[in-house]
Structure formats: C-alpha cells, structure tokens
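Biologist: I have a structure open on my screen and would like to learn how to read it. Could you take me through some features step by step?

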Amino acid sequence: MTLSLGWFSALAAGVFSAHVLQKLLFPYFWRDLLFLMKVIRYGVRLELFKFTSSVCTVLDRFIQQAQRIPNKPFVIYDGSVHTYRDVEQRSNRLANVFFDRVGLRKGDCVALLMSNEPDFLCVWFGLAKVGCSVAFLNTNIKSKSLLHCFNCCGAKTLIVGSDLFECLDGIITSLLEDNIQVWAMNSQSEHTEVHTLLDKINTASDQPVPAVLRVTTSLKSPTLYIFTSGTTGLPKAAVITHLQSLKAAAGFWAFGATEDDVVYIPLPLYHSAASLIGIGGTIELGATCVLKKKFSASQFWNDCRKHNVTIFQYIGELCRYLCNQPKTEVDKFHKVRMGVGNGLRQDVWREFQSRFGNIKMCEVYGSTEGNLCFMNHIGKIGAVGRSNFFYRLLFKYELVKYDMQKDEPVKDECGFCQRVERGETGLLLSKVSTISPFFGYAGGKHLTEKKLMRNVFVKGDAYFITGDLMAEDYEGFICFRDRVGDTFRWKGENVATTEVTEILGLVDFIQEVNVYGVEIPGHEGRAGMAAMIIRPAHTFDGKKLFEHVMRDLPTYARPLFIRLQEFMEMTSTFKQQKFQLVQSGFNPSMISEPLYVLDYQQKNYIPLTDSIYQSILAGERKL
C-alpha cells in the first residue's frame, strides 16, 4: 500500500512538474495545438475533394445554408433584412436572366462594378450559378485603369450598379467598340446601347438553373479576379481559385466564431477581406452579417448596438478612426467580442481595448494573391500572426536578409539568400509548393513571374515575394515591420516608418500621422518627414514634439520635416497613401500646407521658410 502511494505521489509530482515546465517554457502549447488541429482538419476536408467528382464551393455552401436555414437573416443592409431564402431566390432570378437574356455561358468572365449592397451578392452568386468567373472592380478606378482591368481578365460583359454608371463617362464608347456589353442595375437607360437588368429580374423565374452549370471538379479553377490596389501603377488582377476562397471562408470559424454571431462588414466588397473572409465566413458559419455601403466612424457603435453585432472586420486605420471619435458614457456598452482584420498598430490596439473593452483582436496576415497566411489566434498585441514548429512543417516560409540601400536581398558567395537570426528583421518569402501554390495574376505570365524569386536557397526552388519586412520573436510571434518600398535609409541606418509612426502617435496633440522619406539633393538616402493631422481643440506644439523625438527616437529616425494636413489621403483599403507625399517633397513654394523643420539650436520645430529651404539645398544647414 505504501509503495503504491509512493508511486502515485511520484507520478502526481511528475505531472505537476511537467505542467509547470510547459507553462514556463511553452505557455501557448495547448492553444497552438488546438488551433493547428482545426486548421489541419479543415485542410483535410479540402484535400478530400480531390477524390470526389465535384468540389463543394462557397456558392454550394450558401445554397446548403439557404435550404437549412431559409428564414434566417443573411444580410442586414440600411435597415432592411434579407434572409438566406431572399438572396437565394433573387440570385436565381439573376442567373436565369444572365443565361437566357444576356447569353452568358460557363467559363465566361464578367466584370462587376457595384457598391456595397445586397444586389452585389445576388449578382455575384447569380453569375457563379451559370458558371461564370467574376472580376470585382474597384469602384474608385477611372477611365484608363478601368479599361486596363478588362484587358487583364478578358471580361466581355460588365454589370454596373445604378449609382456608379457615371463612372463610365468618357469610356462607354471605348467599351462598346471593344465589343463589351454593358448591363446596368436599372429599369431604364438613357444610353440606347446599355442594357437594363431590373426590369428583366422582375419577370424572371426564381427557380434554380441546372446545377451542372456551376459544378467544378478542381479546387484550382478560377472563380474570381480581385484587383490588387497600390500607390503607383495600374492594378493587377489576382487570380482567386476555389481553393483560396474556401480557405478564406474558414477564417471566422478558425478564430472561434459560430452561427450565432453577427458580423459587421464596413469594408468594400471588391476587396478580398470583405468578400472572401467576411461574406465567405458568414456563409460558412450560417451566421448573419450587417453590410454597410461605406464605413462611418460616427455610426459604427450605434450600428453594433442596434443589431447586436459580435464580430467586426477592420483594415488599416479603421480602428484609429473609432478611437478619434468623441468619448461617450456608453463606449463599453455593446456585445462586440472580436475584431478580425489586419494593419492594427500597437498604440491604437491598446487604446482601442482600453476604451471599448476587452475585445479580442484577431490579426490576419496575407495578401490577396499570396500563398501564405499568418493568424494571431492568441491575440498578442502587435503581432500579425503566430508560428511554431508544426506550422513550419506544413508551410515553408523564410525571413531573409535585405539590403535597404541596394533594395535587394543579401546574397552569399554562391548567389543564394541568407536567413536572418531569430528576432532580426528580414524579407518574408513563402515557398511555392503543392500545399502552398501561387496562382499569380491574369493578363500575362510576366506579371506572375515578377512576384517570384527563384534559386533562393537551392537551384530550382521558387518563393513568393511578399514585399514585407517581418520579424519572428523567440516565442514564435510574427511582427510586421514595414513594406520594402516604405522603409528608407538615412545617415547609414534603416528607418522603419511604422515604428516612427507609433512613437509620434503618442504625442497628445497628434491625431494621425504618416511617416515617409524625402530626397535631399547632395545627401544619400532619404530624410524623414511626417504628415500629420492635429486633434480638434489642439494646436501644433513644435517644442513638445522636439522634446518627444529627442527622447524617444534615435538621431537618424527623427523626422526632419513636418507637414500639417486637414485630410490624409488613403488607399481604397484604408492604407495610408505615401506616394504623392514622397513625390511632393518639402518645397514650401510648392506646398500650400504648413511645413516645419527640425531646429536643434532653437530646440524646436520651426516654420520651414523659403530661405531655410534654399539653405538646405545649398548644403549650408546642418541636418
């Protein structure tokens, strides 16, 4: 008996010790394991499609949900409720119109230019039901870029929303000359060669078209084309396959969302975050989404309270806009428990949770066209994702040394890339493989090839170039440092704009800041410059800002120039626009907005006059 008790005590002590060691050395082990098991389980489900005669697509999943929960609200928009049955029947009507009246057939590509509204989904699903791939057009693009998009994806039909028809002014003739048929979501049209859809929908059957039209046997078949946005150049059409759309649709589920959740989608549907993760994720769960035509910071929390929102999507600066709203007594009175998105800076993250409550922020890293995804399922502030030994076995990625001055990866004597040490910043590359394929862009093989780096570590390998500088800490958390093109070099050192932005964001009178580098004749690299918006009821305080940057930033990272703005240009995906700011430089005679320059003698940021500007160009002023 005594011996048995001894063994039991030893076993209990061993288990306890192992538990303590696990908590100390591997604190995230069980959460990592459970999350990875969910990911693997979903991946196996997708792999099994290879052994079946057809793939269960996101559209198929929607049809299943419409049969299972027909009366459940699917989309709430502008006060109106649209059930799963409503959207299913209206998309059936549209599918019949597309097949019988428009003459669309399986394999055709159709461009869609519509704002956020329920009919965006109905048109999208209706086109998919007749076997068409759909190209989502950015509603902000004009003339030349719009024509370019058609050439990229090969679309010969355009569906345009009633509120966006004016976007075609000046190019409608070119579209028609290129034999592109234009259909508007109107009942009548002033243009004789523009067809109308609404009048035909009302008389169409709501019975489904033959299922054989939408059936696909390959996960790698293209289903969408989503145009990547950038600060320069023309947009590129990223090929979105059924595999990518199904993976994205599992995002909410992987983070622990259920069919009882209500998802708030304020992002544009032409962007992959809203369409693939937002709508796709809502469908996968059988949940309800609240769709906004445009994001409104002033309406956000009232909407969340009104509709009992539990999950919201964000991107870029959206959360900062919410933090900049006037404080109220009901800031923490809501049911929101989770935010899913990317681009949340640490300072905003902390302020957001402090003000609005302990909302779990789930960062997701991955580009529209990329073959790699990181997910911060732990919720650690500042991390865009998490990795571990098991994740690396499945998804091959590397962080390699990058020369900022030459703007290229560092190579060894054999011409291969060099991996960075743990904790160091490097360029993120993702290996192209059967598990992580890269489908590239439509419109030319050369576009796809530009995003690949070959012979990275051995002859014949290929990696997708993310263009992002990242770091992985000793606990396996992945942190975003900067875009390669946004980082600049000054005084022989690399300046990471996001880090400087976070430091400046701590100054009490600064509401929003955008850091970039500008060229100064006679100097190598780029000098730091910050465009900023001053908070309401505050004024710019050059002395306070000087003291702050002297205290918290190294010499090379201190912005030499400040530009005050009333409005900050953003891309369509809520990312700060840097290109125009970089191009305009710091010439006070060319910029009407107030400019300031760092002055070490006066210990202040003083107005940048034309005489000071000329002395800088002449090399007379110490920088």
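Biologist: How does the radius of gyration of the chain compare with that of a compact globule?

Modeller: Keep in mind that this is a predicted model. The idea is to take the number of residues and work out what a compact globule would have. For 623 residues that is a radius of gyration near 25 Å, and the chain has 27 Å, so the two agree. Along its principal axes, the C-alpha atoms fill a box of roughly 95 × 80 × 60 Å.

Biologist: What is the chain built from, in helices and strands?

Modeller: Its secondary structure comes to 20 helices and 31 strands. You can also ask how far along the sequence the contacting residues lie. Taking contacts with a separation of 6 or more, 68% are between residues 24 or more positions apart.

Biologist: How much of the chain is buried?

Modeller: Buried means a relative accessible area under 20%. By that rule, 55% of the 623 residues are buried. As for the accessible surface, it comes to about 28,800 Å², and carbon and sulfur atoms hold 53% of it.

Biologist: Let's try single residues. Is Thr139 buried or exposed?

Modeller: Compare its value with the cut-off: Thr139 has a relative accessible area of 17%, so it is buried. You will find Thr139 in the loop between β4 (133-136) and α6 (143-153). Leaving out residues up to four places away in sequence, Thr139 touches Leu113, Met114, Ser115, Leu164, Cys167 and Tyr270.

Biologist: And Arg422, where is that found?

Modeller: Arg422 is in the loop between β19 (408-409) and β20 (425-431). Its relative accessible area is 37%, so Arg422 counts as partly exposed.

Biologist: Which residues does Arg422 touch, beyond those up to four places away in sequence?

Modeller: They are Glu472, Asp473, Tyr474 and Gly476. Look closely at Asp473: the side chain of Arg422 reaches its backbone oxygen at 3.0 Å. You can also compare C-alpha positions: those of Arg422 and Leu399 are separated by 9.2 Å, with the two residues 23 apart along the chain.

Biologist: Can we read a whole helix this way? How many residues of α9 are buried?

Modeller: Just go through the helix residue by residue. In α9 (residues 242-249), seven of the eight are buried, so the helix is mostly covered by the rule of under 20% relative accessible area. The buried ones are His242, Leu243, Gln244, Ser245, Leu246, Ala248 and Ala249.

Biologist: What covers them?

Modeller: The cover includes the helices α2 (29-47), α3 (58-68), α10 (251-254) and α11 (272-285), along with the strands β8 (222-228) and β9 (236-241).

Notes. Residues are numbered from 1 along each chain as its sequence is written. This is a predicted model: local features need pLDDT of at least 70, side-chain atom pairs count only at pLDDT 80 or more; totals for chains, interfaces and linings use all residues. Side-chain values use heavy atoms; hydrogens and water are left out. Helices (H or I, at least four residues) and strands (E, at least two) are DSSP runs, numbered from the N terminus. The radius of gyration is taken over C-alpha atoms; the globule rule is 2.2 Å times the number of residues to the power 0.38. Buried means under 20% relative accessible area, exposed over 50%, partly exposed in between (1.4 Å probe, protein chains only). Contact means heavy atoms within 4.5 Å. Accessible areas come from the Shrake-Rupley method with a 1.4 Å probe; for residues, only the protein chains shown count as cover. A polar contact is a pair of N or O atoms within 3.5 Å; within protein, one must be able to donate a hydrogen and the other to accept it, and residues adjacent in sequence count only if both atoms are side-chain atoms.
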